[in-house]
Amino acid sequence: MIEIVKKALSMYTYESEEANFLAKAYAPGHITGFFQIHEHENPHRKGSTGCGIVLNGGVTTEVEVGRSVEETEIFLNGKRVEGKTSRTVVEIMTDVPVRIKSWAEIPTGCGFGASGAGALGTAYALNRALSLNQTVKSLTEYAHVAEVVNHSGLGDIAAQSSGGVVIRLQPGGPEYGLVDRIPAPEARVFCIVLGEISTDLVLRDEAATTRINSAGKAAMSELLKKPTLENFMQQAKTFASKTGLMSSRTKDVIEAANASGGFASQAMLGDTVFAIAPYSHEFPLYEALQEFGQVLEYGISTCVPKLMNE
């Protein structure tokens, strides 16, 4: 599948025998509230429709290339990892070995879009480090395909490349996908991480995907009748309940958040509760969530992937 997207990017020739080239990029996290899976043999077209929130916390990624980098290796928060999705981005974009170092402000494997943020950051930074002169559309396409072929995500890339509260109306990378946004006010997003859910395992479970697609289609229909942040949260909660992915503890947290005057649901795909509240109810919501563990706090962000000063 990688060959479908691989451009005619020639083997890079280093201008200096000794110098290493570094570049750094940032991409925001993303929480999906509900989604519907759209299968396609072409990874450019495969993806999901749905809706989610882009966060003001994400992943910073630094890439290093040069004569001293002998093999592609990936580090996350200082630990060497397999990093399948980011590794695929490298394989799509170049034949040279790359050292990738990522630092996440968001939990990994818990529904915060960390793999997508890492993939986008890798694409942006590698494009800079190797002077590949690719456009944002191409870099986004590489990251999307890498997510899809590794079953690490379906729609995070589209949202993370747009910012805000993103409605994914058509699936796929930027060549085929279509997004819109809910004009939402500034709001803090409170999160409780209860555990991990394997995106790969869920996406391979036929019974689970059937429930997801039925609930996701209904949620989208209801959201488009009234595209507000509050209705998004309500549809996300209904979706989470219908899919059977909600644990009893997750349900307890959501009910406590609702009782405090907030709106809460489950991050997809993760055993994580995310919640928002009108400004006057933020403190009661925070207190209610504290009863269940550490509360992570973010904000809704219109930030998109970007290069950082080197």
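1. Two strands pair if DSSP finds at least two bridges between them, and that is a handy place to start with this predicted model. Strand E8, residues 188-195, is joined to strand E11, residues 296-299, by four bridges, and the two run antiparallel. To find this pairing on screen, look for Arg 188, which stands opposite Gly 299 in E11.

2. Strand E8 has another partner to look at. Five bridges link E8 with strand E10, residues 271-276, again in an antiparallel arrangement. Here a good landmark is Val 193, with Thr 272 of E10 opposite.

3. Now for the cysteines. How many disulfides does a search of the whole structure find? The count is zero. For Cys 110, the nearest cysteine sulfur belongs to Cys 191 and is 10 Å away. A disulfide needs the two sulfur atoms within 2.5 Å, so this pair, at 10 Å, does not qualify. Cys 191 is likewise in no disulfide, its nearest cysteine sulfur being that of Cys 110.

4. Are these two cysteines buried or exposed? Cys 110 has a relative accessible area of 5% and is buried. Cys 191 is buried as well, with a value of 0%. Both count as buried because the cut-off is under 20% relative accessible area.

5. Helix H4 deserves a moment of your time. Spanning residues 136-149, H4 has 14 residues and reaches 20 Å from its first C-alpha to its last, close to the 20 Å expected at 1.5 Å a residue. H4 is also mostly covered, with eleven of the 14 residues buried. Among them are Leu 139, Tyr 142, Val 145 and Val 148, together with Glu 141, His 144 and Glu 147. After H4 comes His 151, where phi is positive, near 55 degrees.

6. On annotation, an unreviewed UniProt entry lists residues 96-164 as "domain: GHMP kinase N-terminal". In the model, that stretch is 51% helix and 9% strand. The C-alpha atoms at its two ends lie 35 Å apart.

7. Finally, the largest pocket, which you may want to open up in your viewer. Its volume is about 920 Å³, and 42 residues line it. Which residues lie nearest its centre? They are Thr 85, Gly 109, Ala 114, Ser 115 and Ser 152. Elements giving two or more residues to the lining include strands E1 (20-38), E2 (47-66), E3 (73-76) and E5 (99-104). Helices H2 (84-93), H3 (114-129) and H6 (199-203) also contribute two or more residues to that lining.

Conventions: Residues numbered from 1 in each chain as written. Predicted model: local features only at pLDDT ≥ 70, side-chain atom pairs only at ≥ 80, totals over all residues. Heavy atoms only, no water. Buried < 20%, exposed > 50% of the residue type's maximum accessible area, 1.4 Å probe, protein only. Expected span 1.5 Å × (residues − 1). UniProt positions renumbered as here; feature names shortened; annotations may be inferred. 1 Å grid on protein atoms, 1.4 Å probe; cavity = no way out; pocket = protein on both sides within 12 Å on 5 of 7 lines; lining within 4 Å. Points joined across faces, edges and corners; volume = space filled by probe spheres on them.
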